[in-house]
Amino acid sequence: MNLLTEFYVGGYNQYAQEIFDPNSDLYKFNPDLIIIFLDTIAILGDHYFLPYKISDEERRSCTEERIVEITNLAEKTTESCQAKVILHNLEKPIYSPLGLVENKQDIGYLESIEIINSTLRDRFKKNNQVFIFDYDAFCSQIGKQNTFDYKMYYLGDMKLNLKYLPNLCDEYIAYIQSIASMTKKCIVLDLDNTLWGGVIGEDGLEGIKLGPTPEGRPFMEFQKYLLSLFHRGIILAVNSKNNPEDALEVIRNHPYMVLKENHFAGIQINWEDKVTNMRALAKEINIGLDSMVFIDDDNMNREMMKEFIPEVTVVDLPKDSALYVKTLTNLRLFDSMSITKEDEQKGQMYAEEKNRRKLAHETMDLTEYLRKLNVTVVFDKINPVIIPRVAQLTQKTNQFNMTTKRYTEEIISQLVKDNNYQVIAINVADKFGDNGLTGVAIVEKKDKRIWRIDSFLLSCRIIGKKVEETLLAYIIKVAKSNKAHFLRGEFIPSKKNKLAEEFYQKCGFKKLQYKDNTHVWEFDLKCEFPFPDFIEFKINK
Amino acid sequence: MKKTKNLEKLFNLISRILEIDTSIINSKTSPDNTETWDSYNGLMMVSELESVFNVHFTMDEVVGVRNVGDIIKALKKHGVDL
């Protein structure tokens, strides 16, 4: 949050004087926000320690008096300046000398504090300058046993353990954001592993986790919380790397999908980078990037967003989907100090706008990003330990898979031994961590002149980082050094590999033929195909 | 004087709260010769020391501290290797 602040701190125990004197330094300071934090001990005085020294009748009138006192403080403040006032309610103690029969009294001690709190709440319901801060709930959330530290209280008259000051400040910031009009308006959501568990392009409509199962509920309920924000006027949008048809099928047809197309003000589902998509969404929805919040499970996407569009608030979603709802409900980004009928319908309005607009495209310098990403590709020597993983990748990879040929461990082992074939496996790492063995190519070299790429696949985690080009460059290099003349590649369309369709074409291959549902491409090995210059690679022999 | 890891931690903590350079901190550093060592920052140090070194001081210990040397003594008493 970029906000330049100035503080005025009242003198010790001078709050009443400063509030009631219209010429006080407090008002000379001309604040935008005044926080009145009254604590129970100060307000009740000796009644705090000896609550039952007085009769029920006296307690009733005492309670009345306290309410009038506190109300006067707040009202006097609003008369004397334009500042918004945050008025703490009172922390209800956890101890009563009456113990078990505390709540059997005509008007109990703890009850009297509840009455003060509920009366204050009611008194200022319609006041748009005074906001009651539920300090009692704040203490409960942390635990009243923790918020009160006797030693600090005796040493410095502190009623809140210093450890929890930052938590209290977070609460205040929600108000400050609202006053400074810095509240967020729009949540932009990733899909795979964010709105549902799993990857739709890999797991399919039946395979993703969403619904009333232990694994599906975190996602379903996360969506419900998002929907409740939509109902209070927060705009929702989608920013996802996926085949639009696959992802839209979930949104339209999955029985437990809570958020439907008509809840989203903008939908960007494609293979563009998320930064470009974010800009497109801002333009499409017509709101500032600084009022957008980005929620994505993938750390790389988040870091990319932080780096390229620092105005966007990026939520660091935890790895465990069980904590998604907690993360969302702990965000203090959407609070505003008033909600109008229009606000409540805003999410809806923006969602409807969508249908009237066309998608905008904007490109950013991806090369620059990749350069900073420090991608390293290690070409592994094939050994028995990695064969199961190689086989698994051929079995499971759908999206960037040129031929979708499935191989068992036995077949891979045979191919590794066969001199007519070369099996290549790559490990990919970047500055965010190691992705492990995530790419495989199988090259057939029966015909010494014309080599053929039988399989070429990458796990979806690493697509779009020039790893594909690196793998291909390596194959071309090996083919050249073995004096082959041509390299052929095939593309067999499947339901899920559309994204790889143009790969060979983009890499300078010429179309040879289309037969039996197979596109055959050919690369003339007289041509150059350099390794992408910002990717480091290592060959393990 | 060669600083142990814990001593370095302690000096960094004091330097951060009192906003003074670690190089001018020594066992004689006290509220009398350090303008920023007021009662609030004093309590802030207590709170931070307790959480950083995982100790719990008694009231008497806190009140008995007159300078950094006393803090070191109190920490040693609680088994912190300094």
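# Getting to know this predicted model

Me: Which residue in strand 3 of chain A stands opposite Leu87(A)?
Reply: Let's begin with what counts as an element: helices (H or I, at least four residues) and strands (E, at least two) are DSSP runs, numbered from the N terminus. Two strands pair if DSSP finds at least two bridges between them, and here strand 2 (residues 84-88) and strand 3 (residues 130-133) of chain A run parallel, joined by four bridges. Opposite Leu87(A) in strand 3 of chain A you'll find Ile132(A).

Me: What pLDDT do local features need in this model?
Reply: First, the labels: residues are numbered from 1 along each chain as its sequence is written, while chains are lettered from A and ligands numbered from 1 in the order in which they are written. As for pLDDT, that's the predictor's confidence in each residue, from 0 to 100. This is a predicted model, where totals for chains, interfaces and linings use all residues, side-chain atom pairs count only at pLDDT 80 or more, and local features need pLDDT of at least 70.

Me: Which helix does the chain pass through from strand 2 to strand 3 of chain A?
Reply: This stretch is a β-α-β crossover, and a right-handed one. Right-handed here means that, with the strands pointing away from the viewer, the path from the first strand over the helix to the second runs clockwise. The helix on the way, residues 109-123 of chain A, is helix 6.

Me: Which strands stand at the edges of the five-stranded open sheet in chain A?
Reply: Read the sheet across and its order is 6-5-4-7-8, with parallel pairing. An edge strand has a single partner strand, so one side is left without a neighbour in the sheet. That fits residues 264-270 and 313-316 of chain A, in other words strand 6 and strand 8.

Me: Which residue in strand 6 of chain A stands opposite Asn239(A)?
Reply: Strand 5 (residues 235-241) of chain A pairs with strand 6 of chain A in the parallel sense, over six bridges. The residue of strand 6 standing opposite Asn239(A) is Gln268(A).

Me: At what angle does helix 15 of chain A run to strand 8 of chain A?
Reply: Axes are lines fitted to C-alpha atoms (for helices over the stretch in contact), and angles run from 0 to 180 degrees between N-to-C directions. Helix 15 (residues 299-308) lies across strand 7 (292-296) and strand 8 of chain A. Its angle to strand 8 of chain A is about 155°.

Me: Is Cys139(A) buried or exposed?
Reply: Cys139(A) sits in helix 7 (residues 135-142) of chain A and touches Glu91(A), Lys144(A) and Thr147(A), leaving aside residues up to four places away in sequence. Contact means C-beta atoms, placed from the backbone, within 7 Å. A residue is buried if 20 or more other C-beta atoms lie within 10 Å of its own, exposed if 12 or fewer, and partly exposed in between, with C-beta atoms placed from the backbone. Cys139(A) has 21 C-beta neighbours inside 10 Å, so it counts as buried.

Me: What is the phi of Asp157(A) near?
Reply: Most residues other than glycine have a negative phi. Asp157(A), in the loop between helix 9 (150-156) and helix 10 (165-179) of chain A, has a positive one. It is exposed, with 12 other C-beta atoms within 10 Å. Its phi is near 55°.

Me: Where is Asp516(A) in chain A?
Reply: Asp516(A) has a positive phi too, near 50°. With 7 other C-beta atoms within 10 Å, Asp516(A) is exposed. Its place is the loop between strand 15 (510-515) and strand 16 (518-524).

Me: How many helices does chain B have?
Reply: Chain B has zero strands, and along the sequence its pattern reads α-α-α-α. The number of helices is four.

Me: Which helix of chain B gives the most to the side that touches chain A?
Reply: The contact takes seven residues from chain B and eight residues from chain A. On the chain B side, the elements giving two or more residues are helix 2 (39-53) and helix 3 (59-64). With five residues, the one that gives the most is helix 2.

Me: What ipTM does the predictor give the complex?
Reply: For chain B, the mean pLDDT is 92, and 96% of its residues reach 70 or more. The complex gets a pTM of 0.63, and its ipTM is 0.86.

Key:
Contact = placed C-beta atoms within 7 Å.
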